[in-house]
Structures are given as C-alpha cells and as structure tokens.
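Me: I'd like a close look at the largest nonpolar core in this model. Please take me through what builds it.

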Amino acid sequence: MNDVSSGLNIQEILDILPHRYPFLLVDRILEVEPGKRIVGVKNVTMNEPFFVGHFPGFPIMPGVLLIEAMAQVGGILAICSGQEKTGCIPYFMGIDRARFRHPAGPGDTLVISLTTRNVRGSSWKMEGEIRVGEKRICEAEIMAMIRPAPPKQTKKDVSPEENA
C-alpha cells in the first residue's frame, strides 16, 4: 500500500481494518489526503443482516451503524496517515454533535467524508458527514485512538470451553 491518495479497494481496506462481514461497513475509499481528509463509500443492500429486524417492511439502516461506518473510515484515515500502516488498530473513543437528518436504506450509496480537526499523539478528532446524493443524512465529530494490534489468537490459544 504505497500511494493511498488515489483511494483503496476492498482488499486494501481489509489489510488495514480488523473488521469483517457482517461488521465491515466500508466498501471503498475514493480519496485520502493523509493527515487531512478522506472520502469512503458504503453501498447499502437489502441483504444487510440488520434489515431483518430494523424495521420489517420498512428497512432503515440503524443510526449507530451510520456512526460506525464513519468511525471505520476515520480509522482508515488515521492509520494511512501514520508511518506504520500494518499492525495497528483504530479504537473508537467518543462522539460529539451527532445528528441524523434522513434515513438510509437499501439501494443507497453512502458517501462518507471526514476531515481531521486535531491530532495529539495517537488520538484523533475528526468531523464528518454522510451523504446520499446531495442529501446530508448524518453528521458527527468522532474521536479515535490508534494502538498496536493485539497478537492473533490461534486455536491452541483458546481453551476448550471457549471453543465450544
């Protein structure tokens, strides 16, 4: 992953984030200006597991998952802005000023944009928004911290009770 300014495909995103289906909420990164801003995309489909219960007959993407999608894109910005792009995990630290303006549902393409407000050591504060077309559906300030990833567990590291 050398030049991130032209964006990232799904394989590059999987190399950065620890999230996997069904919790990976970023499909593509369109633009990255390390240390400054990022634009990502999430394509919302009817196959999303949360639509089974939210809400039957009227599928709406939960607001908490809109914020999670924003946090994942912000985590990618923070990691792509550092010297070491592997072996680190973004941790969500906080949220301020979250507002939900319109619902998102199947068929929507979420365009997720974040701009860096402040960086102190490994802690980041970003402000962001999610748009569907010209409509702003969500906005928030989020905080994240970048830390070394814990060692991966192997099957022999897990006790038989945990493996059942």
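Reply: Here's a walk through that core, with the cut-offs as they come up. This is a predicted model, so local features need pLDDT of at least 70 and side-chain atom pairs count only at pLDDT 80 or more, while totals for chains, interfaces and linings use all residues. Residues are numbered from 1 along each chain as its sequence is written, and side-chain values use heavy atoms, with hydrogens and water left out.

By nonpolar core I mean a set of buried Ala, Val, Leu, Ile, Met, Phe, Trp, Tyr and Cys residues joined through side-chain atoms within 4.5 Å. Buried is under 20% relative accessible area, exposed is over 50%, and partly exposed is in between (1.4 Å probe, protein chains only).

The largest one holds 42 residues, and Ile-29, Met-61, Ile-76 and Leu-110 have the most contacts inside it. At least two core residues each come from helices H1 (10-16) and H2 (63-80) and from strands S1 (28-33), S4 (109-120), S5 (123-132) and S6 (135-148). H2 gives the largest share, twelve residues. These elements are DSSP runs numbered from the N terminus: helices are H or I, at least four residues, and strands are E, at least two.

Staying with H2, 16 of its 18 residues are buried. From first C-alpha to last, H2 reaches 26 Å, close to the expected 26 Å (1.5 Å times one less than its number of residues).

As for Met-61, leaving aside residues up to four places away in sequence, it touches Val-44, Phe-50, Phe-51, His-54, Leu-66, Ala-104 and Leu-110, where contact is heavy atoms within 4.5 Å.
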